[in-house]
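Let's take a friendly walk through a protein model and look at how some of its parts come together. Have the sequence and the 3D view ready as you read.

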Amino acid sequence: MSGQAVVTGLGVTAPNGIGAHEYWEAVRDGRSGIGPITRFDASGYPVAVAGEIPECPAERELPERLLPQSDRVTRLALVAAEQALRDAAIKAGDLPEYQMGVVTASTSGGLEFGQRELQKLWGSGWRDVSAYMSFAWYYAVHTGQISIHNGMRGPGGVLASEQSGGLDTLAFARRKIRAGTTMMVAGGVDGTLCPYGVAIQSASRELSPRTDPASAYLPFDADADGCVPGEGGAILIVEDRADAEGRGVPQIYGAVAGHGAAFDPEPGCADGLHRAARTALDDAGLPPAAVDVVFADAAGRRDLDDGEATALTRLFGTRAVPVTAPKSMTGRLLSGGAALDLATALLALRDGVIPPTVGTRPGRADDRLDLVVDEPRPAEIRTALVLARGRGGFASAAVLTAP
């Protein structure tokens, strides 16, 4: 073992693309997947737009027995995991089952499945409630189904730190790789675009009330008025570098160089984000000057964005490093959002391109930040810092380096 954890496979299910290739093309071109909510009648809700994923052919290719026992988001997680394993050239039986582990981040598991069964309970009666309700709603269900579907009996876990969880799974995976596990599946796919889920998110008062998809979510913009909900995320394959090279892996996207986690003592405080970023850089053994791009948390609310801009200025100085928020094209995907940012950062490292933040206008962006807007920016990228905050005070940061 080399002791260095690297990412060798990516799987993506996002509102603007299924699969890493399709998604990356859309993000580089600035194509958004945000539009009016169509999954249900949202006319009585304080939010009108979201990042929805249309049904994809890969969902229909899953084993038929899975359909009645799984939520839509769980199926998207299975699709992303299958993509990632294929990308890393790992097939069932290639590795010992106890040397393959799974860790995912989740906010609420299969919430839509749970809502549907509760409607049956209070509508037609308990006899109509599915027996699969016993686990399909559970927040650990994505980890369980990926493990079962792929015969993975190694270390397993689920992290419930909302958006921060997508980064925390990478630290969990790195720890298990260093302890001797051959391969870890890590990441998050999430979403609650159903009446119950949107009601829960609306209660947070963090969602934008605007009806125009192009102006509803404006990270770091003077007119920012909240974020947009979405569904999707990414699954990553993490291996020890020596093991990956030894089996002739098709590609290494990047190394997991550092991670930091912190907790904000009070709502809206950004001190935790600053401490997490500093800890991640220390863990990587790198100074702030080594960072070539920051993938921001980008809450889309003026007070929270101001706090993040302050944290970045404390760490780097004014306009010292390019900052981007590609989630402006997908919405905030709960625990799937930071996992998708990890995948985007790795693709940026590979191709030397910083994707843009859409919607936010150059003249209205926080002038303390070198925010990449409108167009992708070619750049030599060796190190990326990914930031995430979760509701309740969670804050995380991850440092990725080019292979």
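## Charged pairs and a helix contact

In this predicted model, Arg 364 and Asp 223 form a salt bridge, with their closest N and O atoms 2.8 Å apart. Arg 364 sits in the loop between strand 12 (353-354) and strand 13 (370-371), while Asp 223 sits in the loop between helix 8 (195-203) and strand 8 (232-240), so this pair ties together parts that are 141 residues apart in sequence. Why can such pairs form? Side chains of opposite charge can pair when their charged atoms come close.

How many salt bridges does a search of the whole structure find? The search finds 27 salt bridges. Here are three of them, with the distance between N and O atoms for each.

| Arg | Asp | N to O distance |
|---|---|---|
| Arg 364 | Asp 223 | 2.8 Å |
| Arg 389 | Asp 297 | 3.0 Å |
| Arg 319 | Asp 370 | 3.8 Å |

Now for the surroundings of each pair. Are Arg 364 and Asp 223 buried or partly exposed? Arg 364 is partly exposed, with a relative accessible area of 36%, and Asp 223 is partly exposed too, at 27%.

Next, turn to Arg 389 and Asp 297. Their salt bridge links distant parts of the chain, 92 residues apart. Arg 389 belongs to strand 15 (residues 383-390), and Asp 297 to the loop between strand 10 (293-295) and helix 11 (302-316). Arg 389 is buried, with a relative accessible area of 8%, and Asp 297 is buried as well, at 1%.

The pair of Arg 319 and Asp 370 is a mixed case. Arg 319 is partly exposed, with a relative accessible area of 45%, whereas Asp 370 is buried, at 14%. Arg 319 lies in the loop between helix 11 and strand 11 (322-324) and Asp 370 in strand 13, so this pair ties together parts that are 51 residues apart in sequence.

Salt bridges can also share partners: Glu 162, Glu 206, Arg 301, Asp 303 and Arg 391 are joined into one network in this way.

Finally, let's look at two helices. The axes of helix 7 (residues 165-178) and helix 12 (residues 335-351) come within 6 Å and cross at roughly 60 degrees. The two helices are therefore oblique to each other. Which residues meet there? From helix 7, Gly 166, Leu 167 and Leu 170 meet Ser 335, Ala 338, Ala 339 and Leu 342 of helix 12. Sorted by class, this contact has five nonpolar, two polar and no charged residues.

Conventions. Residues are numbered from 1 along each chain as its sequence is written. This is a predicted model: local features need pLDDT of at least 70, side-chain atom pairs count only at pLDDT 80 or more; totals for chains, interfaces and linings use all residues. Side-chain values use heavy atoms; hydrogens and water are left out. Axes are lines fitted to C-alpha atoms, for helices over the stretch in contact, and angles run from 0 to 180 degrees between N-to-C directions. Helices (H or I, at least four residues) and strands (E, at least two) are DSSP runs, numbered from the N terminus. Angles under 35 degrees count as roughly parallel, over 145 as roughly antiparallel, 65 to 115 as roughly perpendicular and the rest as oblique. Contact means heavy atoms within 4.5 Å. Ala, Val, Leu, Ile, Met, Phe, Trp, Tyr, Cys and Pro count as nonpolar, Asp, Glu, Lys and Arg as charged, and the others, Gly among them, as polar. A salt bridge is a side-chain nitrogen of Lys or Arg within 4 Å of a carboxyl oxygen of Asp or Glu. Buried means under 20% relative accessible area, exposed over 50%, partly exposed in between (1.4 Å probe, protein chains only).
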